[in-house]
Amino acid sequence: MDFWNDIPTWDNGTWTTTDFASRDDFKLFIVSIFKEPGQYNFNEDSSLIFNEQSRLFNQNKVYCTAPYKSKDFIKYWDDQKERCRKGVIVKSGKEIWFLAREYYMWLNFLPIFNKEIQAFGFADIRDAQYHMALYELLAELHYKHSAILKKRQIASSYYHAGKLINQQWFEAGVTLKMGASLKDYINEKGTWKFLSEYAAFLNEHTAWYRPMSPDKVMMWQQKIEVRKGDRKTEVGLKGTIQGMSFEKDPTNGVGGPVKYFFHEEAGIAPKMDTTFGYIKPALKSGMMTTGMFIAAGSVGDLDQCEPLKEMILNPEGQDIYAVDTDLIDKKGTVGISGLFIPEQWSMPPYIDAYGNSLVEEALQALDDYFEECKKKMTPEAYQLEVSQHPRNIEEAFAHRKVSIFPQHLVGAQLRRIEDKEYSYEFLDIYRDEQGIPKVRETNKLPISEFPISKKTEDKTGTLVVWERPVKDPSFGMYYASIDPVSEGKTTTSDSLCSIYVMKAPVEVTKVTGVETENYIEQDKIVAAWCGRFDDIKKTHERLEMIIEWYNAWTVIENNISLFIQYMISRKKQKYLVPRTQIMFLKDLGANANVFQEYGWKNTGILFKSHLLSYVIEYTREELDTVTREDGTIVKTTYGIERIPDPMLLKEMKAYTEGLNVDRLVSFSALVAFMKIQQSNRGYQKRVVMDEAAKNLQKSDNLFKLPHSPFRHMGKGMRSGGQTIKRSPFKNFK
């Protein structure tokens with residue numbers, strides 16, 4: 001069926017049809033009218049035409065009053081079937097709208113339970129639902145898949161059940177599936193209940209009677225057995241709707257060709273990415289996309305929504321139809337995403353009489369509401385409330401628990417990094433012919449995925465350098481910390497090896513021609529690598545070269561001793577800090593029963609209750625303030641500005657107990673070790689002189705000659721055994 005031809009069209013009071021030359025022309029038309037809720041400008045004509053049939057049914061309790069099987073009866077139902085198969089174009093003055101086929105059917109022939117009136121009735125016109133319908137149509141026209149992150153109570157389940165019903169009611173042989181992580185989301189207690197309600201209504205009140213066989217929960221096929229002469233046969237469109245749950249196996253039942261696969265409750269589906277990966281072949285024929293995966297859901301627990309998050313924030317990498325949006329965060333950052341339906345779209349009572357969202361009014365009401373929530377609720381309850389009524393994508397995926405790290409400082413530092421305030425290099429490190437560590441630039445990128453997916457094949461990462469080592473660095477100028485791994489290639493662990501190198505703080509004496517200035521050059525992260533090789537020996541070699549390049553004294557977590565053994569075998573244990581010199585262990589009385597000579601053991605509450613406190617203080621430390629003459633503080637520079645690594649900041653932002661944070665573990669140990677080293681040893685010292693000071697020093701040195709320039713004046717000399725007196729003034733005339 002060429003659905004872009006003979007499209008029913010209401011053109012300023014007259015019913016006609018519209019033809020498009022091709023699928024691409026129709027696609028361009030839909031792109032041209034795709035806007036945002038609040039911008040569709042629904043009016044009296046749209047409210048008259050969009051749901052005219054449901055209003056007729058509400059008035060008469062019947063759709064068509066013409067006699068059964070009369071010419072008018074047949075024409076009415078044929079016309080409505082055409083609209084339910086091709087959609088409807090509505091033109092009102094300069095305004096043009098397109099109702100996708102399932103949206104038209106949903107508004108007019110598929111009643112839902114309306115929470116606002118606490119009764120069954122037809123859905124009201126809402127621009128957010130209209131927008132969602134256009135998004136899915138555009139995805140299909142572009143041969144892409146759909147991902148929808150939505151606010152709650154947008155009737156998504158009802159709508160998508162209607163999408164499946166629409167196909168089964170009118171298309172021959174179509175295969176449709178829906179699934180969820182738990183059976184109760186889609187069985188007779190879940191979305192299948194909506195399918196049953198729709199089927200019962202259509203069979204009772206329309207001319208489109210569709211019996212099912214089988215007719216059981218989680219499996220329908222549209223057919224019926226009849227007898228023709230002395231033979232039994234089956235008639236019907238024979239399309240199927242199948243339900244499945246992925247509680248035990250995320251690939252359960254995904255085989256076979258599918259036109260639409262609807263993943264219900266996608267925001268609480270931790271293995272949806274696996275399901276999507278396995279079902280993709282069923283949505284293709286060779287290199288042609290023939291079906292569409294639809295993921296729609298609100299965010300539940302954060303550990304269950306990672307697949308949906310990835311689809312929304314990285315749509316192009318997931319073959320998801322991407323839209324331009326300024327709803328990435330509260331700053332209005334512009335980017336691309338899957339479809340996000342925020343709280344301010346179609347939010348009662350901020351909807352006008354025609355179904356347009358009053359976005360600005362809704363946002364103001366939400367701002368006022370959340371201000372009150374902040375006053376009344378605990379911080380954790382407040383964050384949860386915001387995440388369940390998100391105004392932007394950042395809020396939807398924000399962490400529910402109160403972070404132990406200062407989120408405003410972490411967020412601000414991430415923005416500084418995004419604004420390119422920190423220069424860096426991506427380097428490959430290797431040994432030259434003499435075995436000396438050298439580096440060269442590389443196009444390979446560091447790992448920027450957190451948490452890293454088990455599906456990610458290349459986990460080697462790359463060395464990120466913010467400052468190369470000085471020439472011939474002295475021991476104690478650089479420190480490093482390692483969180484090691486126990487194995488190479490693995491499909492069971494998402495742990496990565498992590499190393500950070502920091503430059504110790506230095507007390508600088510700056511000498512100019514007229515004065516001397518003393519200041520502290522703060523410690524800084526100069527290099528980082530996070531990753532792992534399939535061959536663990538290569539992982540160890542990478543760590544060894546980084547340590548040697550910086551001549552860094554290294555503290556290492558010794559729960560896994562393989563790297564320690566490697567360094568000992570290479571006779572390079574001088575780079576490893578002995579356990580007896582890790583002062584934070586002594587201060588805490590930790591690792592008393594650990595007999596490993598080098599490193600520290602992450603046991604009990606050592607990391608959670610002690611090492612993290614060093615990092616928290618490190619981020620909050622006030623390094624500098626800028627004040628006005630009246631003493632008003634204009635700007636405060638915090639310690640977090642010494643952290644240029646966005647991935648470390650992301651781990652801080654996401655940290656909750658039990659989360660795998662390789663970078664944070666190694667960095668925490670490093671900060672704790674360096675702080676105590678600094679307390680015990682003081683600052684390293686460096687003198688910096690400008691040219692005037694250097695010249696002055698040279699002139700001062702004239703008066704510090706090892707011998708007097710006048711030591712021979714007035715002395716005699718011997719000649720032939722006699723001493724001859726010399727006058728120093730003999731040449732004076």
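The following exercises, with worked solutions, concern a predicted model of a single chain.

**Exercise 1. Overall composition**

Task: State how many helices and strands the chain has, and what share of its residues is buried.

Solution: Begin with the secondary structure, which comes to 21 helices and 34 strands. Next, take burial: of the 733 residues in the chain, 49% are buried. The accessible surface is about 36500 Å², and carbon and sulfur atoms hold 50% of that area. Finally, consider contacts with a separation of 6 or more: 65% of them join residues 24 or more positions apart.

**Exercise 2. The nonpolar cores**

Task: Identify the residues with the most contacts inside the largest nonpolar core, and the helix that gives the most to this core.

Solution: In soluble globular proteins, nonpolar side chains tend to be buried together. In this model, the largest nonpolar core comprises 114 residues, and F26, I30, F98, Y103 and F109 have the most contacts inside it. The helix that gives the most to this core is α6 (residues 127-141), with ten residues. Now examine Y103: beyond residues up to four places away in sequence, Y103 touches I125, R126, Q129, Y130, A133 and Y159. A second core, separate and of 45 residues, includes W466, Y655, V661 and F673.

**Exercise 3. The setting of T206**

Task: Determine whether T206 is buried or exposed, and describe its surroundings.

Solution: First locate the residue: T206 sits in the loop that runs between α8 (191-205) and β9 (212-216). Its relative accessible area is 11%; because this is under the 20% cut-off, T206 is classed as buried. Next, trace the polar partners. The T206 side chain reaches the backbone oxygen of L202 at 2.6 Å. A polar atom of that side chain also lies 3.1 Å from the backbone nitrogen of W208. Lastly, with neighbours within four places in sequence set aside, T206 contacts Y63, W77, F109 and F201. Of these, F109 is also among the residues with the most contacts inside the largest nonpolar core.

**Exercise 4. The buried side of α16**

Task: Name the buried residues of helix α16 (residues 562-569) and state what covers them.

Solution: The buried residues of α16 are F563, I564, Y566 and M567. These residues lie on the same side of α16, because they cover an arc of only 160 degrees around the axis. Their cover includes β24 (478-483), α15 (536-550) and β29 (553-556). To complete the description, follow the chain just past α16, where K571 takes a positive phi of about 55 degrees.

Terms used: Residues are numbered from 1 along each chain as its sequence is written. This is a predicted model: local features need pLDDT of at least 70, side-chain atom pairs count only at pLDDT 80 or more; totals for chains, interfaces and linings use all residues. Side-chain values use heavy atoms; hydrogens and water are left out. A nonpolar core is a set of buried Ala, Val, Leu, Ile, Met, Phe, Trp, Tyr and Cys residues joined through side-chain atoms within 4.5 Å. Buried means under 20% relative accessible area, exposed over 50%, partly exposed in between (1.4 Å probe, protein chains only). Helices (H or I, at least four residues) and strands (E, at least two) are DSSP runs, numbered from the N terminus. Contact means heavy atoms within 4.5 Å. A polar contact is a pair of N or O atoms within 3.5 Å; within protein, one must be able to donate a hydrogen and the other to accept it, and residues adjacent in sequence count only if both atoms are side-chain atoms. The arc is that of the directions from the helix axis to the C-beta atoms. Accessible areas come from the Shrake-Rupley method with a 1.4 Å probe; for residues, only the protein chains shown count as cover.
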